[in-house]
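User: Please take a close look at one part of this model, its internal empty space and whatever surrounds that space. I would like one connected account, with the cut-offs behind each term given as you go.

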Amino acid sequence: MSETGGVREVKSAARTVELLELLAARGDRPARLQELADALDVPRSSMYALLQTLISRGWVRTDVTGSLYGIGIHALLTGTSYLDSDPRVRAVRPYLDEASQALGETIHMARLDGRDVAYLATRESHEYLRTISRVGRRLPAHAGALGKALLAEHPDDDLPEGPYEPLTARTHTNRDSLAADLAEVRARGYSIDREEGVPGIVGFGFALRYDSPAQDAISCSVPVARLSAGHEERIVAVMREIRAKIEATAPAAGGAVHWR
């Protein structure tokens, strides 16, 4: 049994979390009982009992036949509570609006979570609308402007060995290539993602240094077809100004609960 901070892990709680994370990761692909039992290596009867408990509490949903399972609405309610209760997210939101209005492009805020970044807020461009919001979704940190801006705040020794998952033909897939890019990020002061995460999209990422090392970042995403040299210069100038405003006004860690 694993331990966290000297306290033994509660097996039933760990299994519940693993199940919810598995269902969440599947997105719009519901799972069958046997699939879930096999994936988590638990007896079919134990998995069925756990699913029924979570269905009764709204954390898992099932179809009319009772044979397919997906993440439930209480996961959304809990995620919304996380966003509403975070003072950093509340402080950043008005500046995302300001950046979006000034540039007319899509603006994101995200937080480093292990080897991924989790999107916490987005202001979509009126010129390029996504059909699915990124808020609450994850992206490998090595594959985008937000993640690279945050990885550059950490020593290269923290980078995993690789190989890394390619999202496009331009994604970094090895440690040396990513480390070389991060060195440029540190020298430049911001990251650039030229179609590394999404084909046809360029991103500019800026770490928010109200924590050390930074855990949050903001970015501006723009379609390649609309990115001229002049527009790129304006994006960088506006986003640098927005970052300075956020860092000057965001709540200090000592002024609120300092979550770990």
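Analyst: **The largest cavity and the strand beside it**

With three residues, helix α6 gives the largest share of the lining of the largest cavity; helices (H or I, at least four residues) and strands (E, at least two) are DSSP runs numbered from the N terminus. The model is a predicted one, in which local features need pLDDT of at least 70 and side-chain atom pairs count only at pLDDT 80 or more, while totals for chains, interfaces and linings use all residues. Residue numbers start from 1 along each chain as its sequence is written, and side-chain values rest on heavy atoms, with hydrogens and water left out.

The count comes to one cavity of 30 Å³ or more, a cavity being a set of points on a 1 Å grid over the protein atoms alone where a 1.4 Å probe fits but cannot get out. About 220 Å³ of space lies in the largest cavity, the volume being that filled by probe spheres set on the points, which are joined across faces, edges and corners. Its lining consists of 21 residues (an atom within 4 Å of a point), and H108, Y119, R134, I201 and S221 are the ones that lie nearest the centre. Two or more lining residues come from each of β6 (106-113), β7 (116-123), α6 (145-151), β10 (201-208) and β11 (216-223). By chemical class, the lining of the largest cavity divides into nine nonpolar, eight polar and four charged residues, where Ala, Val, Leu, Ile, Met, Phe, Trp, Tyr, Cys and Pro are nonpolar, Asp, Glu, Lys and Arg charged, and the others, Gly among them, polar.

Among the contributing elements, β10 deserves a closer reading. Eight of the eight residues of β10 are buried (under 20% relative accessible area with a 1.4 Å probe, protein chains only), so the strand is largely enclosed by the rest of the structure. Both of its faces are covered, with I201, G203, G205 and A207 buried on one side and V202, F204, F206 and L208 buried on the other.

The pairing of β10 can be traced along two partners, taking two strands to pair if DSSP finds at least two bridges between them. With β11 the pairing is antiparallel and extends over eight bridges, and I201, one of the residues nearest the centre of the largest cavity, has P223 as its bridge partner in β11. With strand β9 (residues 191-194) the sense is again antiparallel, over four bridges, and R194 stands opposite V202 of β10. β9 and β10 form a hairpin that has six residues between the strands, and in its turn E195 takes a positive phi of about 60°.

Another hairpin may be set beside this one. Strand β4 (residues 60-62) runs antiparallel to β5 and is joined to it by three bridges, V60 having I71 as its partner in β5. The hairpin of β4 and β5 has five residues between its strands, and G66 takes a positive phi near 75° there. Strand β5 (residues 68-71) also pairs with β3 (residues 31-32), in the antiparallel sense over two bridges, and in that pairing R32 is matched with L68.

To return to the cavity, the lining takes two or more residues from β10 and from β11, and these two strands are joined by eight antiparallel bridges.

Methods: On a 1 Å grid over the protein atoms alone, a cavity is a set of points where a 1.4 Å probe fits but cannot get out, and a pocket is an open set with protein on both sides within 12 Å along at least five of seven lines; lining residues have an atom within 4 Å of a point. Buried means under 20% relative accessible area, exposed over 50%, partly exposed in between (1.4 Å probe, protein chains only).
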